Amino acid sequence: MEFQEVIKARHSTRAFLPKPVPPEVLDRVLQHAALSPSWSNTHPYRIAIAEGEVIEDLRKSLSTRYQRASKLQRATLPSQLKAWITRDPGLPDGDFKPMLKYPDDLQKRRFECGMGLYETLGIDRKDFVGRDRQMAENFRFFGAPVAIFVFVHGETGPYGPLDAGIFLQSLMLAATNEGLGNCAQGALGLYRSPLDKHFKIPSQYKLLCGVALGYEAEHVVNTFQPEKIKHQELTLPTTK
Ligand SMILES: Cc1cc2nc3c(=O)[nH]c(=O)nc-3n(C[C@H](O)[C@H](O)[C@H](O)COP(=O)(O)O)c2cc1C
């Protein structure tokens, strides 16, 4: 594809076909993503690739944990306290705190994005069960046959995540170029221990997020197109 086609075609896919991704296609995507620039060429990030039995096991364990978490959210305060004391497996054990509330000036776009997704799916904004069901889809990687987890070196301040973000975009564009749907998933940063079961993760690497990868299914959720920001809105005015 031409660059402009790729950058315009990339969008978040939230329903995948069970069709496997051929190893040579995945290899090309990773090879191209690894061409990303990084501060002093350090590439302060690592990836863990889940496919086959590993992704199936993670689909189960992450979904079970999320179901517990969402039950706990609705539980009484004493039950929540007990869960905290007993280190209930539903509680997030990710390396970074989840971003529960966004700064006020960003909240409007966040809200519109979430509500737009629910509207596309015909989920009423007050239908918390329906909304939760969509959230839970994250933990089954929306049915994707491949999930890639991104870890960042924990001693790099803001620059490591910056480099990891550049890599993430290259990965998504390379996947799009190969005809693969993809979705970056911050939600996959919530639980770390199920990943330690399957991957040898050096202690200095911290889980940032995941990416679901595979062939896009025909599903209404994949028609969701949140309004893009105009570049003029990103550009700060001069003081003159
Ligand atoms: C770092 C990052 C984390 C994201 N986390 C999630 C997620 O957990 N679940 C989800 O459904 N979408 C997630 N998204 C997708 C965004 O919602 C999406 O990129 C945004 O709404 C713009 O839509 P588009 O990707 O279709 O252009 C994430 C995107 C990024 C870049």
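Which backbone oxygen does the side chain of T223 reach, and at what distance? The legends below refer to a predicted model, and the first view answers this question.

**View 1. The surroundings of T223 in the loop between β4 and α9.** The side chain of T223 reaches the backbone oxygen of V220, at 2.6 Å. The loop that holds T223 runs between β4 (205–214) and α9 (231–234). T223 counts as exposed because its relative accessibility is 52%, and the cut-off for exposed is over 50%. In sequence, T223 and R14 are 209 residues apart, yet their C-alpha atoms are 9.6 Å apart in space. R14 reappears in the next view, among the residues that come nearest to the ligand.

**View 2. The ligand and the 14 residues around it.** Of these 14 residues, S12, R14, N138, G186 and K228 come nearest. By residue type, the shell around the ligand consists of six nonpolar, five polar and three charged residues. Strand β3 (residues 181–185) gives the most to this shell, contributing three residues.

**View 3. Polar atoms of R10, G186 and A187 at the ligand.** In the side chain of R10, an N or O atom is 2.9 Å from an oxygen atom of the ligand. G186 uses its backbone instead: one of its backbone N or O atoms lies 2.7 Å from a nitrogen atom of the ligand. A backbone N or O atom of A187 lies 3.0 Å from an oxygen atom of the ligand. On its own, the ligand has 620 Å² of accessible area, and the protein covers 68% of this.

**View 4. A nonpolar patch on the surface.** The patch is formed by W39, Y159, L162 and I166, which together have about 410 Å² of accessible area. I166 is placed in helix α7 (residues 159–177). With a relative accessible area of 33%, I166 is partly exposed.

**View 5. The salt bridge between E56 and R59 in helix α3.** The side chains of E56 and R59 meet at 2.9 Å, N to O. Both residues belong to helix α3 (residues 52–73); they are three residues apart, so about one helical turn separates them. E56 counts as partly exposed, at 41% relative accessibility. R59 is buried, with a relative accessible area of 12%, because buried means under 20%. This pair is one of the ten salt bridges found in a search of the whole structure.

**View 6. The salt bridge between E137 and R140.** Here the side chains meet at 2.8 Å, N to O. E137 is partly exposed, with a relative accessible area of 23%. R140 is also partly exposed, with a value of 34%.

**View 7. A network of salt bridges that links D95, R192 and D196.** Within this network, the side chains of R192 and D196 meet in a salt bridge at 3.0 Å, N to O. What is the burial state of each of these two partners? R192 is buried, with a relative accessible area of 10%. D196, in contrast, is partly exposed, with a relative accessible area of 37%. D95 is the remaining member of the network.

Notes. Residues numbered from 1 in each chain as written. Predicted model: local features only at pLDDT ≥ 70, side-chain atom pairs only at ≥ 80, totals over all residues. Heavy atoms only, no water. Near = heavy atom within 4 Å. Polar contact = N/O pair within 3.5 Å; in protein donor to acceptor, adjacent residues only side chain to side chain. Areas by Shrake-Rupley, 256 points an atom, 1.4 Å probe, with all protein chains shown as cover. Helix = DSSP H or I, 4+ residues; strand = E, 2+ residues; numbered from the N terminus. Nonpolar A, V, L, I, M, F, W, Y, C, P; charged D, E, K, R; others polar. Patch = residues over 30% accessible without salt bridge, like charges linked within 9 Å, V, L, I, M, F, W, Y side chains within 5 Å. Salt bridge = Lys/Arg side-chain N within 4 Å of Asp/Glu carboxyl O. Buried < 20%, exposed > 50% of the residue type's maximum accessible area, 1.4 Å probe, protein only.
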